[in-house]
Amino acid sequence: MTQEKTQPTLIMIFGATGDLAKRKLFPSLYQLYLKGSLSTNFAMLGVGRREWSHDRFKEHVRESLEASSHSKEHIETFIEHSFYQSHDVSDSDSYIQLKTLADQLDETFSLKGNRIFYLAMAPEFFGTITDHLKQDGLTDTDGFCRLVIEKPFGHDLPSASALNKQIRQSFSEEQIYRIDHYLGKEMVQNIEVIRFANAIFEPLWNNRFISNIQITSSETLGVEERGRYYETSGALRDMVQNHMLQMVALLAMEPPINLSTDEIRSEKVRVLRAMRPVEGKEVDEYFVRGQYGSGKVNNEPVDGYRDGENVDSQSNTETFVAGKVLIDNFRWAGVPFFIRTGKRMAVKSTKIVVQFKDIPMNLYYNKEHSLDPNLLVIHIQPDEGVTLHLNAKKTSEGVNTKPVKLSYSASSIDGINTPEAYEKLLYDCIVGDATNFTHWDEVRKSWSYVDKISDHWESTKEESFPNYAPGSMGPERSFKLLSDDGFEWWAVGELDNKK
Ligand SMILES: NC(=O)C1=CN([C@@H]2O[C@H](COP(=O)(O)OP(=O)(O)OC[C@H]3O[C@@H](n4cnc5c(N)ncnc54)[C@H](OP(=O)(O)O)[C@@H]3O)[C@@H](O)[C@H]2O)C=CC1
Ligand SMILES: O=C1O[C@H](COP(=O)(O)O)[C@@H](O)[C@H](O)[C@H]1O
């Protein structure tokens, strides 16, 4: 990442005693500090309900950094910039104290009134917090004020619209940074570069040469202790509405006229607008839902989703989604974008496979071997890189062909560990670059697409649940979704063939 020195900033984290702050936010800020990308004039002010002192909070940050960082040398100096306020966000009076502390830190560290408010809390608090930040004068400074909002941004279109309306009373759209951490991933950011910086791909990037595109984001873990949240969300809201559709938009958008935030966003919105809505009974044709049962993974017994804490024993919530997304525009008419995501699957992997159409006449065809299609695979995680699958002549065997792969692995070639998504996104927010955050128009369009699917699913109980085994690649029907169109899922990991 090209780092430039950032402006003095106060980073106020609501939910600073929570899991996200400890696992992602403190380590990311510390990395920025180590790289010199955080101005030495910075302060981090944590807010949580627990009645902790500054020292107790510093201890908490120390634990997080010691567990996550290789370089421990500068932890103590970083911690000197960390402070805490115990504060119930629904208690109006405590915002006055918060303002006093923020103003003091501003003066002590010469922060020039620049503030980032990071809401790492449950969404029901977002509106209350932003109302108070404005009403109680915390946003009334001479510097910039930015608001970072964690997912989920609403539960459906009406709730997201209401939330957006409330937040917009205190912050303008330009000040709002809605996090989608997939947009901070190195290889997701690379999609645009692969497409728009390579003469060999851009002319082929359309329905004349591409037969289908597959996006898989599979996880091996189950829902763990997040049952309460997940019961109201499911994989559709948790992964498809945001991460999966963002990847579709990046893959399908037209080349922007330049790389400015507004131009890129407007091209992404056009894709989301062009997605063919799927509703009512049609949903069963285009989308497949799954829920994992109990079973064995690596010979260890694992519980089914319905056995989890805070999960209804008859739950209708999906832990897996596969779908066929169609984009009705000139470039993509007729090309299915297949997406799938789920918990407790065979591998932890996020990959995009672009499958090119077969060549018009196969000179090398013989009855035993048909030619493999050309594939462009973008490896997003855990490995990061690109593989191009081609056909080449089999050495010393006349005209027989064999598949070959041209591979680029980001870590082995660039020789650096790519920064955590949160590190990149925090940096972008500090420098005021909102490109890799989602604009309200994108959120609105993706909810309106997803709501039609969830409406149908919520009105029809899926009698086959649980319908996939832990450690598999999802329910049988998700394979049929592709085979009905003459395609199949390409492997995303060694274990992918296991159904
Ligand atoms: N954890 C993760 O990996 C991810 C989380 N997110 C999102 O980030 C947000 C936070 O998640 P996570 O950290 O896991 O949640 P946690 O439950 O671990 O933490 C919640 C935080 O909110 C604070 N809090 C709760 N109620 C109040 C209140 N009334 N006043 C002040 N503080 C309060 C808690 O303080 P205290 O404990 O002191 O009461 C705690 O700091 C959620 O929106 C989640 O969806 C998104 C992606 C990944
Ligand atoms: O946003 C979320 O993402 C994670 C998966 O993120 P990844 O970076 O590990 O692929 C998912 O586990 C979680 O349920 C969801 O809320």
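Which helix gives the largest share of the shell around ligand 1? That helix is α1, residues 19-34, which supplies three residues. Please keep in mind while looking around that this is a predicted model.

**Ligand 1**

In total, 20 residues surround ligand 1, and the closest are T17, D19, R23, R50 and M121. Sorted by class, this shell holds eight nonpolar, five polar and seven charged residues. Polar contacts to oxygen atoms of ligand 1 come from the backbone of G18, at 3.1 Å, from the side chain of R50, at 2.8 Å, and from the backbone of M121, at 2.8 Å. On its own, ligand 1 has 900 Å² of accessible area, and the protein covers 78% of it.

**Ligand 2**

Now to the second site. Ligand 2 is surrounded by K151, H181, Y182, K185, E219, R226, D238, M239, H243, K343, K348 and Q381. Here the classes are two nonpolar, three polar and seven charged residues. Helix α9, residues 234-252, gives the largest share of this shell, with three residues.

Three side chains place a polar atom by an oxygen atom of ligand 2, as listed here:

| Residue | Distance to an oxygen atom of ligand 2 |
|---|---|
| H181 side chain | 2.8 Å |
| H243 side chain | 2.8 Å |
| K343 side chain | 2.7 Å |

Taken alone, ligand 2 exposes 390 Å², of which the protein buries 82%.

Key
Residues numbered from 1 in each chain as written. Chains lettered and ligands numbered in written order. Predicted model: local features only at pLDDT ≥ 70, side-chain atom pairs only at ≥ 80, totals over all residues. Heavy atoms only, no water. Near = heavy atom within 4 Å. Polar contact = N/O pair within 3.5 Å; in protein donor to acceptor, adjacent residues only side chain to side chain. Areas by Shrake-Rupley, 256 points an atom, 1.4 Å probe, with all protein chains shown as cover. Helix = DSSP H or I, 4+ residues; strand = E, 2+ residues; numbered from the N terminus. Nonpolar A, V, L, I, M, F, W, Y, C, P; charged D, E, K, R; others polar.
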